[in-house]
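Biologist: I'm new to this structure, so could you pick one part and walk me through it slowly? Plain words are fine, and please spell out the cut-offs as you go.

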Amino acid sequence: MELQENPQLLWFIGVYAVLMVGIGIYMSKKVSNSADFILAGKSLGPIVLMGTLLATWTGSGSISGGETSVAFSFGIIPSFMLMIPTVIGIFILYTIAPKIRAFGKYTISGILEAKYGPFARNLASVIVILAYVGIVSYQMTGLGFILNLTTGMSVELGTIIAAVLIIFLAMIGGLRSVSQTDAISGFLMVGGLIITVPIIISVAGGWDSIIANVPDSHMTATGGLTTIQLMGYLLPSLFLLLSDQNMYQRLAASNSDKSAKKAALSWLGVMLLISPAISIIAFVSRSLFPDIDPGMALMATTTVLPLGVGGILLAAAAAFIITTGNSYLLSAATNMTYDIYGKYINKNPSDKKQLVMTKVFIVVLGGLSYLLISYFPTVLEVQMYSYTVYGAGITPAILAVFFWKRVTTIGGISSMIAGVVTTLVWELVLNTPFELNSSVVSVPVAIIVLILVSLATQKKN
């Protein structure tokens, strides 16, 4: 089947964008201080909290990478397996949610500093900012490709539209407005994906026809991947989720421990619905459009669905991207304000000054994200390594704060350095030997270093 542009689909994104901007402006009027802006005044109830957790985690990585690309490239079963790290990660976050709220920190760096000292905070801040700027840039270009694929709009113009929306929604009201737009987007995602699954299977001629049009390996348990290669797809998302600053900030923004736990369980339940739905849609797309880029699999189906259904799915895809982009941008700007500006430039800023600087950093980092994809496309590729750098460099150390009392300052810092260095050497110096994701090596190294160094330095702690 051949892809055909449908400019009418643009109306659905337009309506969604206007709604999100309107809500953002309305909620911005309720922001009175930096706590309102960054943690929504710790007022989020379970429904809104669940929606913002869902929308933040399920972004462009899911609809153009993750489940989508794996289902298209390797088959339905390996794609379903990507639910395993999500389930494990959410369950662990559910367990430590009260402890996250008790810390009361705005950033992951603040939690690490409380346990390991200022050097850990500085190192974590650098990792977070670099990783999150890369993630934001990926959201911008993702929406640009969606608009190009479905409406014929140039990728460049689509990327500019994405950049403006992401920066504006993050800046206008912080988490106070982002959480509300996230919640609406989350429910739009669920509805759009559930409606699409049976219809796209019918459009493709039924399940038997779909299976007949995909490679035989796509119906096997591993899709032709070795076990260790498959692990390379599972580990990065698990270790990013376990220490994702966005998730920690949202759980800290809940109005009670009970709300945080309810939201985490609801988030898990919804993920068990939408993650398989994404996998199925992308798998069907392999049958319909075998020659497209794997990252376009889900978005391509919007062009062959009935206009209303395709439009809802497209708006849901845009929601994935925009909500993830503004969340990561807000989070990175928080690091700039509290871990860099507040520590080294202005050590006693007023609350109003912190609020203003967070908004300034949102614009600055948003502009940097756009520049990455506009002028330095190879830098974006390097930024993608930051996913594993983040997971290996931060996750073992942050989990030890909550789960292992014997961890030492030297052990935590050594683990962070080992995770980062191993990832960079594996990816950039050795050029990914054996076609294995660096997480297969760097995560175990970071954990082993954490344990051994902590045990060796117990008396010095």
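Modeller: Let's start with helix α3, whose buried residues are Leu49, Met50, Gly51, Thr52, Leu53, Leu54, Ala55, Thr56 and Trp57. Before going on, a caution: this is a predicted model, where local features need pLDDT of at least 70 and side-chain atom pairs count only at pLDDT 80 or more, while totals for chains, interfaces and linings use all residues. Residues are numbered from 1 along each chain as its sequence is written, and side-chain values use heavy atoms, with hydrogens and water left out.

Now some terms. Helices are DSSP runs of H or I with at least four residues, numbered from the N terminus. "Buried" means under 20% relative accessible area, "exposed" means over 50%, and "partly exposed" lies in between (1.4 Å probe, protein chains only).

Back to α3, which covers residues 46–57. Of its 12 residues, 9 are buried, so the rest of the structure largely encloses this helix. Its buried residues pack against α7 (83–103), α10 (155–203), α12 (227–243), α13 (245–252), α14 (257–288) and α16 (307–345); contact here means heavy atoms within 4.5 Å. The length checks out too: the 12 residues should span 16 Å, and the end C-alpha atoms are 16 Å apart, which agrees. That expected span is 1.5 Å times one less than the number of residues.

Some of those neighbours turn up again in the salt bridges. A salt bridge puts a side-chain nitrogen of Lys or Arg within 4 Å of a carboxyl oxygen of Asp or Glu, and the whole structure has 4 of them. One of these joins Asp257 and Arg101, at 2.8 Å from N to O. Asp257 sits in helix α14 and Arg101 in helix α7, so far along the chain from each other that 156 residues separate them. Asp257 is partly exposed, because its relative accessibility is 35%.

Next comes a pair involving α16: Lys343 and Glu113 form a salt bridge at 3.6 Å, N to O. Lys343 belongs to α16 and Glu113 to α8 (residues 108–116), and the two are 230 residues apart. Lys343 counts as partly exposed at 31%, and so does Glu113 at 22%. Glu113 also bridges to Arg121, with the closest N and O atoms 2.6 Å apart. Arg121, at 4%, is buried. Through shared partners, Glu113, Arg121 and Lys343 join into one network.
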